[in-house]
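User: Please take a close look at one part of this model and walk me through it slowly. Then show me how that part sits in the rest.

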Amino acid sequence: MAAARPGWSRRAQYGLFFSLLAVIAGIVVGLVLLAMSLVAPKTFDGIRGAALDITGPIASALHEVTATANGLVGGAGNYWDAARQNAELKRENKAMLQRMVEAKAIVQENRQLKATLQLRERTENVIAVGRIVGSSFNSPRRFAILSVGAKDGVQIGMPVRSPDGLVGRVIDAGILASRVLLVSDRANIVPARLLRGGIPVISQGRGDGTIDVRPLEVGRNPFKRGDIIITSGTGGLYPPLVPIARVVKLDDDGAVALPLADPANTSFALVQPSYEPAAVAAETAPAQDAP
Amino acid sequence: MVRAALDSRQIGRGPSAFAAYVPAATVVAASLLAALPIVSNSGWYPDFGYLVFIGWRLLRSDPWPAWWAAPLGLVNDLFTSYPIGFSVALWSATMLALDLIDRRTMWRDYWIEWVLAAVFLAIDEWMQWQLAAVVGADLPFTTQLPSLVIAILVFPLAAWIVSRTDRWRLGR
């Protein structure tokens, strides 16, 4: 197209020239689309959802195969090490029993306290249960593909959690599958607090599967290794009291934490309704994250 | 030579029926690799679609009409969760840049092609990093380096697969 003159043929010369124009048009169209997807990411919700409906089911089907293979290998590994594991489990079981009795007592006490305070519990209903079947493994962003979509009631903005902890929130919803912005993505900022002491902190992903946690108030570093970070419910996007991560390393003014819900090992993910839909609609409309 | 030409396997074999569409189809197939059920906490896998795309373009100057770069890029954007328009612009620009480079280079060998591919892959990673920063995910560039090194090391493999596919589609 931009190659040297192809000879004396006018036809060939025009052909080259028009293909050059076509490529330049391609660049321009690409830049315009890119600008639109950065400035007004909602423009492409429909087409993104349609693409998810193509890749989601493929990923789901392949996931079954790999999960079975992994299960076979893991199962064999468990037999290999059975005696030691058995001893360990017995020890853990004993410790857990003690903790359980304590927890039951606390629950009872909590119920009495709440009754006296006349607190009404918010119902924690689940919209859909899906599996994490894929991820954005070739991008600096951290997304995961969830095997449930609009057909199951999933909508953009809904929080996603697993039994272990917070996974993220839905940012693209197709009919059959949806895309989740993981808590380890740099653009996912979760208002949180320390389980020990309830100090308010901010959790922000680091893009590599870990999370940065910073205290809201500047001053002494409140973190210790092994601290659990839970959501605070501030902002209304995520429900409160969902565990997010465990602190593994301290740095100057905060700490690095590891998400408790590892998307690679999460068997089921629960999609929940937005905690306070009105607040979410107001807050996410201008600051909707572009994928 | 004559004897080789008379080898029974070679006679009567021409280009396959869809030879003109095979290169574009392999690029789409590579983009679809994003649907693999890999759940990774680090984005270290290469941009498969772009690897195969520059593999074809470095092997031949006309694997597809130049304007096909835009729709192929759109397919890649849709399957890989990149911002829509990113691959459209980058892939079209790659076609243009490689045509200009073709006019300048005196000779080509494997090393030059690898260096060219490395430069384009670095531009790809750098632009992804820039775009992530624009939408609020500003990470240090060092987090992109492993993925770039892996992509550069994987390129010869992609180029080999592309050249085998090329021989197959032309019936050689």
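Analyst: Start at the hairpin that joins β11(A) to β12(A) through 4 residues. Keep in mind that this is a predicted model. Strand β11 of chain A covers residues 243-250, and strand β12 of chain A covers residues 255-259. The two strands run antiparallel and are paired over 5 bridges. In general, strands of a sheet pair through backbone hydrogen bonds, in a parallel or an antiparallel way. Find Arg246(A) next: the residue standing opposite is Leu258(A) in β12(A).

Now look at the two faces of β12(A). One face is covered and is made of Ala255(A), Ala257(A) and Pro259(A). The other face is uncovered and holds Val256(A) and Leu258(A). So Leu258(A), the partner of Arg246(A), belongs to the uncovered face.

β12(A) has another partner too. Strand β9 of chain A, residues 211-215, is joined to β12(A) by 3 bridges. This pairing is also antiparallel. Here Asp212(A) stands opposite Val256(A). Val256(A) is on the uncovered face of β12(A).

Step back to see the whole ring. In chain A, 6 strands close into a barrel, and the order is β7-β8-β9-β12-β11-β10. In that order, β12 sits between β9 and β11. The pairing around the barrel is antiparallel. From one strand to the next, the twist averages 40°.

Next, go to the loop that leads into β11. Leu241(A) is in the loop between β10 (228-231) and β11 of chain A. Its phi is near 65°, a positive value, and the residue is not a glycine. Most residues other than glycine have a negative phi. Is Leu241(A) buried or exposed? Count the neighbours: 12 other C-beta atoms lie within 10 Å. A residue with 12 or fewer counts as exposed, so Leu241(A) is exposed.

Chain B offers a useful contrast. Ser81(B) lies in the loop between α4 (69-80) and α5 (86-104) of chain B. Ser81(B) also has a positive phi, about 65°, although it is not a glycine. But Ser81(B) has 25 C-beta neighbours inside 10 Å, and 20 or more make a residue buried, so Ser81(B) is buried.

The barrel is one part of the strand structure of chain A. An open sheet of 7 strands in chain A has the order β1-β13-β4-β5-β6-β3-β2, with antiparallel pairing. Its edge strands are β1 (128-130) and β2, and each pairs on one side only. Neighbouring strands of this sheet are turned by 35° against each other on average, direction ignored. One pair inside it is β4 (residues 159-161) and β5 (residues 166-173), antiparallel over 3 bridges. Within that pair, Arg161(A) stands opposite Leu166(A).

What does the record say about this region? UniProt, in an unreviewed entry, places the feature "domain: Rod shape-determining protein MreC beta-barrel core" at residues 132-253 of chain A. That span is 43% strand and 0% helix in the model. Its end C-alpha atoms lie 33 Å apart.

Now bring in the partner chain. How many residues of chain A are in contact with chain B? The number is 52, and they meet 50 residues of chain B. Four elements of chain A, α1 (10-39), α2 (45-80), β2 (132-135) and β3 (143-146), each supply at least two residues of this side. α1(A) gives the most, with 13 residues. The chain A side divides into 30 nonpolar, 15 polar and 7 charged residues.

Finish with the core. The largest nonpolar core has 96 residues. Those with the most contacts inside it include Ile244(A), Ile229(A), Leu51(B) and Ala69(B). Ile244(A) is in this core and falls within β11, residues 243-250. The largest share of the core, 8 residues, comes from helix α3 (residues 48-59) of chain B. Ala69(B) touches Val23(A) and Gly26(A) in chain A, and Trp91(B), Ser92(B) and Met95(B) in chain B, leaving aside residues up to four places away in sequence.

Key:
Residues are numbered from 1 along each chain as its sequence is written. Chains are lettered from A and ligands numbered from 1 in the order in which they are written. This is a predicted model: local features need pLDDT of at least 70, side-chain atom pairs count only at pLDDT 80 or more; totals for chains, interfaces and linings use all residues. A nonpolar core is a set of buried Ala, Val, Leu, Ile, Met, Phe, Trp, Tyr and Cys residues joined through C-beta atoms within 7 Å. Two residues are in contact if their C-beta atoms, placed from the backbone, lie within 7 Å. Ala, Val, Leu, Ile, Met, Phe, Trp, Tyr, Cys and Pro count as nonpolar, Asp, Glu, Lys and Arg as charged, and the others, Gly among them, as polar. Two strands pair if DSSP finds at least two bridges between them. Axes are lines fitted to C-alpha atoms, for helices over the stretch in contact, and angles run from 0 to 180 degrees between N-to-C directions. UniProt positions are given in the numbering used here, feature names are shortened, and annotations may be inferred rather than shown by experiment.
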